Amino acid sequence: MAASSQSSVEPGSNEVKDYICNACEDQNIVETSADFYCKQCEQFYCGNCIHLHGKLFAKHNSIGRVDIDKWPVSKKVVDFLQTCDVHKEHKIDQFCNLHKQLCCPQCVSDQHRY
């Protein structure tokens with residue numbers, strides 16, 4: 001999986017940034033949506049940063065959003081899918097055979113005891 005691929009929601013906005021530019025993030029610049037992925041670097045880049053990357057690493061092939069199906073799943077999406085809907089501080093790591101439901105440790109304790 002790519003290093004530090006993240007997603008965020010701007011405060012007060014309905015926009016979800018599924019991938020964040022790693023170069024901007026490293027420079028503590030406001031979270032900028034990534035438009036390109038470099039497989040060789042395993043990094044995501046916005047439109048501004050990809051130009052510098054292209055100059056420094058001319059032999060690298062970047063993949064644009066048109067081919068987003070070739071990008072790795074973002075860490076934020078993985079985290080979202082693994083987080084319990086009820087207990088946001090817990091990761092889903094168990095399966096209740098009785099209820100046929102994925103559970104976090106707190107759900108097991110609260111609702112899925114046998």
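These legends walk through several close-up views of a predicted model.

**View 1. The whole chain, to get your bearings.** Start by stepping back before zooming in. The protein chain has four helices and seven strands. Following the sequence from start to end, they come in the pattern β-β-α-β-β-α-β-α-β-β-α. The protein chain runs to 114 residues, and 30% of them count as buried. Looking at contacts in the protein chain with a separation of 6 or more, 30% come from residues 24 or more positions apart.

**View 2. The largest nonpolar core, with its cysteines.** Eight residues make up this core: Cys-21, Ala-23, Cys-24, Cys-38, Tyr-45, Cys-46, Cys-49 and Ile-50. Two helices chip in, as helix H1 (22–26) and helix H2 (47–56) each bring at least two of its residues. There is also a second core, separate from this one, with six residues, among them Tyr-19, Ala-34, Tyr-37 and Phe-44.

**View 3. Cys-46 and its company.** Which residues does Cys-46 touch, once its neighbours within four places in sequence are set aside? The contacts are Cys-21, Cys-24, Thr-32, Ser-33, Ala-34, Asp-35 and Phe-36. Two of these names, Cys-21 and Cys-24, may ring a bell: they sit with Cys-46 in the largest nonpolar core. Ala-34, for its part, belongs to the second core.

**View 4. A three-stranded sheet with a helix on it.** Here is an open sheet whose three strands run in the order E4-E3-E5, with antiparallel pairing. Strand E4 (43–45) and strand E5 (62–64) are the edge strands, each pairing on one side only. From one strand to the next, the twist averages 30°. Strand E3 (residues 36–38) and E5 are joined in the antiparallel sense over three bridges. In one spot to look for, Cys-38 has Ser-62 of E5 as its bridge partner. Helix H2 packs on the sheet and touches E3, E4 and E5. The direction of H2 makes about 120° with that of E4.

**View 5. Glu-42, a loop residue with a positive phi.** Glu-42 is in the loop between E3 and E4. Its phi is positive, about 55°, although Glu-42 is not a glycine. Is Glu-42 buried or exposed? Neither quite fits: Glu-42 is partly exposed, with a relative accessible area of 38%.

**View 6. Lys-100, another positive phi.** Move along to the loop between strand E6 (94–96) and strand E7 (101–103), and you find Lys-100. The phi of Lys-100 is near 55°, again a positive value in a residue other than glycine. Lys-100 is exposed, with a relative accessible area of 61%.

**View 7. Cysteines without disulfides.** How many disulfides does a search of the whole structure find? The count is zero. Take Cys-41, which is in no disulfide: the nearest cysteine sulfur belongs to Cys-38 and is 3.6 Å away. Cys-41 is partly exposed, with a relative accessible area of 24%. Then look at Cys-103, whose closest cysteine sulfur is that of Cys-96. Why is there no bond between Cys-103 and Cys-96? Their sulfurs are 5.2 Å apart, which is too far for a bond. Cys-103 is buried, with a relative accessible area of 1%.

**View 8. The salt bridge between Asp-35 and Arg-65.** The structure holds two salt bridges, and this view shows one of them. Asp-35 and Arg-65 form a salt bridge in which the closest N and O atoms are 3.6 Å apart. Asp-35 comes from the loop between H1 and E3, and Arg-65 from the loop between E5 and helix H3 (75–82), so the pair ties together parts that are 30 residues apart in sequence. Asp-35 is partly exposed at 31% relative accessibility, and Arg-65 is partly exposed too, with a relative accessible area of 28%. You have met Asp-35 before, as one of the contacts of Cys-46.

**View 9. The salt bridge between Lys-91 and Asp-79.** In this view, the side chains of Lys-91 and Asp-79 meet in a salt bridge, 3.8 Å from N to O. Lys-91 is in the loop between H3 and E6 while Asp-79 is in helix H3, so this pair ties together parts that are twelve residues apart in sequence. Lys-91 counts as partly exposed, at 39% relative accessibility.

Conventions
Residues numbered from 1 in each chain as written. Predicted model: local features only at pLDDT ≥ 70, side-chain atom pairs only at ≥ 80, totals over all residues. Heavy atoms only, no water. Core = buried A, V, L, I, M, F, W, Y, C linked by side-chain atoms within 4.5 Å. Buried < 20%, exposed > 50% of the residue type's maximum accessible area, 1.4 Å probe, protein only. Contact = heavy atoms within 4.5 Å. Pairing = 2+ DSSP bridges. Axes fitted to C-alpha atoms, helices over the stretch in contact; angles between N-to-C directions. Disulfide = S-S within 2.5 Å. Salt bridge = Lys/Arg side-chain N within 4 Å of Asp/Glu carboxyl O.
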